Structure formats: C-alpha cells, structure tokens
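Thanks for sharing this one. Below are a few notes to read alongside the structure, as numbered points.

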Amino acid sequence: MKPINVGLLGIGTVGGGTFNVLKRNAEEITRRAGRPIRIVTVADKNVEHARKVAGEGVKITDDAFSVVTDPEIDIVVELIGGYGVARELVLNAIENGKHVVTANKALLAMHGNEIFEAAQRRGVMVAFEAAVAGGIPIIKALREGLTANRIEWLAGIINGTTNFILSEMRDKGLPFAEVLKEAQALGYAEADPTFDIEGVDAAHKVTIMSAIAFGVPMQFGAAHVEGITRLEATDIAYAEQLGYRIKLLGIARMREEGIELRVHPTLVPEKRLIASVEGAMNAVQVQADAVGSTLYYGKGAGAEPTASAVIADLVDVTRLHTADPEHRVPHLAFQPDQVRDLRVLPIEDVITSYYLRMRVEDKPGVLADITRILADSEISIEALLQKEAEEGESHTDIIMLTHRTVERNANAAIKLIEALPVVKGAVTRIRMESLE
Ligand SMILES: NC(=O)c1ccc[n+]([C@@H]2O[C@H](COP(=O)([O-])OP(=O)(O)OC[C@H]3O[C@@H](n4cnc5c(N)ncnc54)[C@H](O)[C@@H]3O)[C@@H](O)[C@H]2O)c1
Ligand SMILES: N[C@@H](CCO)C(=O)O
Ligand code: NA
C-alpha cells in the first residue's frame, strides 16, 4: 500500500495533536483509509519546537511555501491560522494540485468563496471539519447526514472560551474580567482573544454552517456580531430566576425574505438540552423539515478533539482523491452551480423575543406606562419580574420577557420607554430564543 504523503503547516496546539493522534492510531486509521497516511514534512516558524514534537524521520522546515510546491506532497494540512499567510499558502497549494485540510474558520469565512472556487477549478478537495465546533462532526452531519432535508434554522454554542466564561460567571457569580484571565490560561482562546469574546470566532463558524445548510456563499461581512463583553452578572442572575440561561449563540435561519445570520448573547429556556452545555463544551442544534430537531454535542476545541476532525478529513481525502471530482461531496453541500445568492437580512429585520431590564422609579403607575408602550407597539409580554426597592432606594428593577417581534419594532418601543421620565438610564435588551 503506497502511503499518502502529508505536509503539515504549523505544529502548535492542533498540529501537535494531529501529529500525535495520527501516530498513536496509525494502524486503525490505515485500516479505515485503505493506505497509510504519513506526515513527511512539517513546516513551522519554530523549528526547534517542531523537531521536539515530530522527532526524527520527518523533514522539518521553517519555509511553508516549500511544502505547498513540493511534488512529493499529496495533502497540505494548514494549521497556522489567520488569513494572511494562510490564505496565500492554501491558494498556492491548490494551484499546485494539492488537496487541503484546514481548521481555519477565519480564513474560510473571509475568503472561502475564493478558495472553493479555486479548488473547484483545479479539481482538488478543501476539507474543514475542524473549523466548526472542533471535534464534533457537524460539517459531515450538515453536508451529508441531513442532505434530504430543508434546513430551517441552526443555533450553536460554537465558542468554548465564551461558554466557559458564561458558565463561571453563573456558577460562581464572578465578574467577566476575572473569568477571562482564567479562560485564557486554559488555552482554548484564539491568538487574538477579542475574536472569542466579541463573537467574531462564533460568527466565522456560523457563517460557514449557514453556507452549507442553505447553499449560499460565505457572507461573513453581513453577519450581525455581538460578544459577551457588555453582559452583566445581574442579567445572568435575573434570567436564571425566570428559568433561562444566557448563552452566546450563533444563529442562522432561513426565511422567505432572506437569511438571519447573527451571533449574540441569548436567553435560552433552561429545559432545552443546549442550555445545560457548560464549560468549554460546544453544541449545535439543527431544525430540519424531515428529521425535526437534532443536537450535536462535544469538545469544540483543544489539541486532540480538533485533531480528531483534521484526521477524519485526511481519511476522507485519502479515500476520495482518486474519484472523479464530480463524484465527491461538494464543498458547500450543494453543487457549485446551485449555490444561491440569498441575502442576509439586516439585524432590524430579525424576528425574535426579548429580555428587557429597566431601572425605574418605585412609584404607582410606572408599570402601566411601560406596558402601554409595549401594547401600542403590539409587543406582548410573556413574563414579568418586579423587584422590591431596596431599603432607602427610590429606584427598582423591572424585568420583562416579550413575545416575538421584529427588531425594528422592539427598538422603537425601547426608545419610547427610555424617554419616560420615570425610567433611569438605558434599557438592557438581550435577545431570547425558544429553540422549539
Ligand atoms: N486551538 C484550538 O483548540 C483550535 C480548535 C479549532 C480550530 N483551531 C484553529 O486551528 C488553527 C491553529 O490553531 P492552534 O491553536 O494550533 O494555533 P497555535 O498558535 O498553537 O499553532 C500555530 C503554529 O503555527 C506556527 N506558525 C505561525 N506562523 C507560521 C508561518 N508563517 N509558517 C510556519 N509556521 C507558522 C506557529 O509557530 C505555531 O506552532 C487556527 O486556525 C485555529 O483557529 C484551533
Ligand atoms: N477559540 C475557539 C477555539 C475553537 O475553534 C474556542 O474557544 O472555541
Ligand atoms: Na467539526
């Protein structure tokens, strides 16, 4: 059995995991793939570290470009990250007729259209299971397992760092800044941790999932992206009193008018399975017309969980690389000429329900003023929590959960509420999803 030759670009967390799992499970993997998968060259800026991880018998270089042009290499595995040099390397590998496996969601969300077009033209595969929810085979599920269905929506906890932070804030009542430090020390965070906490990483991943689920191009620039940096512990506690958890969700929903594509903190009923996903774990719920609701859960980050997905792609490519390109699974699940340019709806057009918290004067008639504004805007209230004013305080909190409405409508009502003289400061608004 002639081995398939792999060039590994970047042997950091995921690259190291990939190297080790491939070595440890070599026999099992070969039995599945039909031939040995062999890392012959490793490129890393840190040559010393690369040598330490890879040992002898593997070629080590600091020049990744020499790997993507090497005629000996069949598959290039890109685990460097970012969309500068990684984009050049991936495009270069494709032009040289190499298949590519990558865990780089930022690269695909930003430049996926260009990359898949190039791969299509050259008849090579670009596989990216590790890019979304790490070890969970969600790309496989969306692209192949659910292929009979019209996918209606999907919602996922797809960033381990922020889910860890939210879990710690709720469990221990700690403030955001304190938990962030702990999360960074655990090593799940992106090279730039603002990508995690500002929702950008989750937006990269939900952009990729929406493309596969709905047969549309990558539209990262049109996604609405909100992170957890402005979330207050108070709201996590109030949500809990009302039977909800706050999660950073990546949501993609198909509507007649277009697609909702958004990342933001979201109240989720605590009775939903996804609400109990804690720590750095990931989960994606998919609603589809034939199968109904399915849920995928597991480790979305870390060396070996992510390596699990990288190697699954290596096996896929090994099995399929001799197949006629027409007979392979299309990159974006739909045949390339069937990808449709459906527009992403602006956030004002999103339909959802809301958690509203406002600080009000503790006197009669205040609640009536607020509910009148909501009634006039045709926003109905699902639940209400009015706190008693603390001893010696003239103000108190009112918390309301609304039914679904268009965001534009909610914005207008919130503006009117904020203009009431009895309401102090801004209204805190968090979107809410029933996930039914
Ligand atoms: N860490 C995770 O849990 C995880 C999970 C899923 C996806 N990812 C993605 O996987 C990719 C790699 O992440 P990581 O956590 O392993 O990063 P890392 O920083 O641990 O590893 C990157 C490696 O690339 C090397 N490198 C950087 N620039 C280079 C260059 N120009 N040429 C050669 N080598 C270079 C670095 O020296 C380092 O060893 C990223 O795209 C990341 O978003 C990571
Ligand atoms: N920074 C990402 C790594 C996995 O993509 C996370 O926290 O989930
Ligand atoms: Na995955």
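**Notes on ligands, domains and one helix pair**

1. Helix H1 (residues 13–24) is a good place to begin: with three residues, this helix gives the most to the shell around ligand 1. Please keep in mind throughout that this is a predicted model.

2. The rest of that shell deserves a look too. Ligand 1 is surrounded by 26 residues, and the closest of them are Gly10, Gly12, Thr13, Gly81 and Ala301. Sorted by class, the shell around ligand 1 holds 13 nonpolar, 10 polar and three charged residues.

3. Which domains supply the shell around ligand 1 with at least three residues each? Both domain 1 (4–136 + 303–338) and domain 2 (138–299) do. You may like to colour the view by domain here.

4. Now for ligand 2. Its surroundings consist of Gly134, Asn159, Gly160, Thr161, Tyr188, Ala189, Glu190, Asp196, Asp201, Gly300 and Ala301. By class, that shell has three nonpolar, five polar and three charged residues. Ala301 is worth a second glance, as this residue is listed around ligand 2 and also among the closest to ligand 1.

5. On the overall layout, the domain assignment divides the protein into domain 1 (4–136 + 303–338), domain 2 (138–299) and domain 3 (351–432). Domain 1 is thus written as two segments, 4–136 and 303–338. Taken over C-alpha atoms, the centres of domain 1 and domain 2 are 26 Å apart.

6. How many residues of domain 1 and of domain 2 are in contact with each other? The count is 23 from domain 1 and 28 from domain 2. On the domain 1 side, helix H6 (residues 105–122) gives the most, with seven residues. By class, this side of domain 1 comprises 14 nonpolar, seven polar and two charged residues.

7. My last point concerns a helix pair. The axes of helix H7 (residues 138–145) and helix H11 (residues 200–214) come within 9 Å of each other and cross at roughly 15 degrees. Angles under 35 degrees count as roughly parallel, and H7 and H11 are therefore roughly parallel to each other. The handedness of their crossing is right-handed.

8. Which residues make up the contact of H7 with H11? From H7 come Ile139, Leu142 and Arg143, and these meet Met209, Ile212 and Ala213 of H11. By class, the contact has five nonpolar residues, no polar ones and one charged residue.

Definitions and conventions:
Residues numbered from 1 in each chain as written. Chains lettered and ligands numbered in written order. Predicted model: local features only at pLDDT ≥ 70, side-chain atom pairs only at ≥ 80, totals over all residues. Axes fitted to C-alpha atoms, helices over the stretch in contact; angles between N-to-C directions. Helix = DSSP H or I, 4+ residues; strand = E, 2+ residues; numbered from the N terminus. Parallel < 35°, antiparallel > 145°, perpendicular 65-115°, else oblique. Left-handed = near helix turned anticlockwise from the far one by under 90°. Contact = placed C-beta atoms within 7 Å. Nonpolar A, V, L, I, M, F, W, Y, C, P; charged D, E, K, R; others polar. Domains from an automatic or database assignment. Near = placed C-beta within 6 Å.
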